[in-house]
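User: I have a model of a protein chain open and would like to go through its fold by question and answer. Please keep the answers short.

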Amino acid sequence: RARYLRGIQRIPRRLLRFDKPVIAAVNGAAIGAGLDLACMADFRVASERAKFGSTFVKVGLVPGDGGAYFLSRTIGYPRALDMVLTARIVGAEEASTLALVHEVVPASDLTDAVRRRAEHLCGLPPLALRLTKSAAVRSWDLGADQALLVAATYQGISQNTEDHDEAVAAFLEKREPT
């Protein structure tokens, strides 16, 4: 237990605190810890040859790095329970149907698809992007009153930035913001 808490679990804890969007590119097997790591990302883009599975139970283990937590938040509790208890492996198309991945592309296009997604994110106001991610992560387990407090705080911060001023000016002038 202590080895997991001080060892492998440092990765999900750090990713939960990381305030920039994380994109996982899956071009093969994301099985066991690979699936768990993919679910820790904010976006998952898969090639058509990707496959996904939580197979720990098959070898007498549990997803000790937090995989059950992340998978259930990615595809919902009933579907996650099915995957972790049956050790079933799903292909890219089924993963898309389950909302496990955001996009499935040919293997030869995977890098370009991830790059396009990253470039889109990089074109957005950075502080608003980071605060929005933080609000989503922090609000997940909060009640409505606390989640609204987080939203009001972050909105108050973002409304007082040059990025917001530029976005409003660009909208009014019918041009792309810089």
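**Sheets, helices and surface**

Analyst: To start, helix α7 (residues 110-122) lies across β1, β3 and β6 and runs at about 160° to β3. The model is a predicted one.

User: How many helices and strands does the chain have?

Analyst: The chain has 178 residues, and 33% of them are buried. Its C-alpha atoms fill a box of roughly 60 × 40 × 30 Å along the principal axes. The secondary structure comes to 10 helices and 6 strands.

User: Which strands stand at the edges of the sheet that contains β1, β3 and β6?

Analyst: This is an open sheet of 3 strands with parallel pairing, in the order β1-β3-β6. An edge strand has a single partner, so one side of it is left without a neighbour in the sheet; the strands in that position are β1 (23-26) and β6 (103-105).

User: By how many degrees are neighbouring strands of the sheet β1-β3-β6 turned against each other on average?

Analyst: The pairing in this sheet is parallel. With direction ignored, the average turn between neighbouring strands is 20°.

User: Which residue of β3 is the bridge partner of Ala 25?

Analyst: β1 and β3 pair in the parallel sense over 4 bridges. On the other side, β3 (residues 43-47) is joined to β6 by 3 bridges, also parallel. One residue of β3 stands opposite Glu 103 in β6, and the bridge partner of Ala 25 is that residue, Val 45.

User: Which side chains of β1 point to the buried face?

Analyst: The side chains alternate along β1. Ile 23 and Ala 25 point to one face and are not buried. Those that point to the other face and are buried belong to Ala 24 and Val 26.

User: What is the order of strands in the sheet with mixed pairing, and what angle does α3 make with β2?

Analyst: The mixed sheet is open and has 3 strands, in the order β2-β4-β5. β2 (29-31) and β5 (89-91) are its edges, each with a single partner strand, so one side of each lacks a neighbour in the sheet. Neighbouring strands here are turned by 15° on average, direction ignored. Helix α3 packs on this sheet, touching β2 and β4, and its direction makes an angle with that of β2 of about 95°.

User: Which residue in β4 stands opposite Ala 30?

Analyst: β2 and β4 (residues 51-53) pair in the parallel sense over 3 bridges. Opposite Ala 30, the residue in β4 is Phe 52.

User: Which elements do the buried residues of α4 pack against?

Analyst: Helix α4 covers residues 67-75, and its buried residues are Gly 67, Phe 70, Leu 71, Ser 72, Thr 74 and Ile 75. Just after the helix, Gly 76 takes a positive phi of about 95°. The buried residues of α4 pack against α2 (10-17), α3, β3 and α5 (77-86).

User: Is Leu 37 in the nonpolar surface patch buried or partly exposed?

Analyst: Tyr 4, Ile 8, Ile 11 and Leu 37 make a nonpolar surface patch of about 360 Å². Leu 37 lies in helix α3 (residues 33-40). Its relative accessible area is 47%, between the limits of 20% and 50%, so Leu 37 counts as partly exposed.

User: What is the relative accessibility of Lys 174, given its positive phi?

Analyst: Most residues other than glycine have a negative phi. Phi of Lys 174 is near 55°, and Lys 174 is found in the segment after α10 (162-172). Ala 99, in the loop between α6 (92-97) and β6, also has a positive phi, near 65°. Lys 174 counts as exposed because the cut-off is 50% and its relative accessibility is 75%.

User: Which residues is Leu 5 in contact with, leaving aside its neighbours within four places in sequence?

Analyst: Leu 5 lies in helix α1 (residues 2-6) and is partly exposed at 37% relative accessibility. Beyond its neighbours within four places in sequence, its contacts are Arg 10 and Arg 13.

Conventions
Residues are numbered from 1 along each chain as its sequence is written. This is a predicted model: local features need pLDDT of at least 70, side-chain atom pairs count only at pLDDT 80 or more; totals for chains, interfaces and linings use all residues. Side-chain values use heavy atoms; hydrogens and water are left out. Patches are made of residues with over 30% relative accessible area and no salt bridge: like charges are joined within 9 Å, nonpolar side chains (Val, Leu, Ile, Met, Phe, Trp, Tyr) within 5 Å. Accessible areas come from the Shrake-Rupley method with a 1.4 Å probe; for residues, only the protein chains shown count as cover. A salt bridge is a side-chain nitrogen of Lys or Arg within 4 Å of a carboxyl oxygen of Asp or Glu. Helices (H or I, at least four residues) and strands (E, at least two) are DSSP runs, numbered from the N terminus. Buried means under 20% relative accessible area, exposed over 50%, partly exposed in between (1.4 Å probe, protein chains only). Two strands pair if DSSP finds at least two bridges between them. Axes are lines fitted to C-alpha atoms, for helices over the stretch in contact, and angles run from 0 to 180 degrees between N-to-C directions. Contact means heavy atoms within 4.5 Å.
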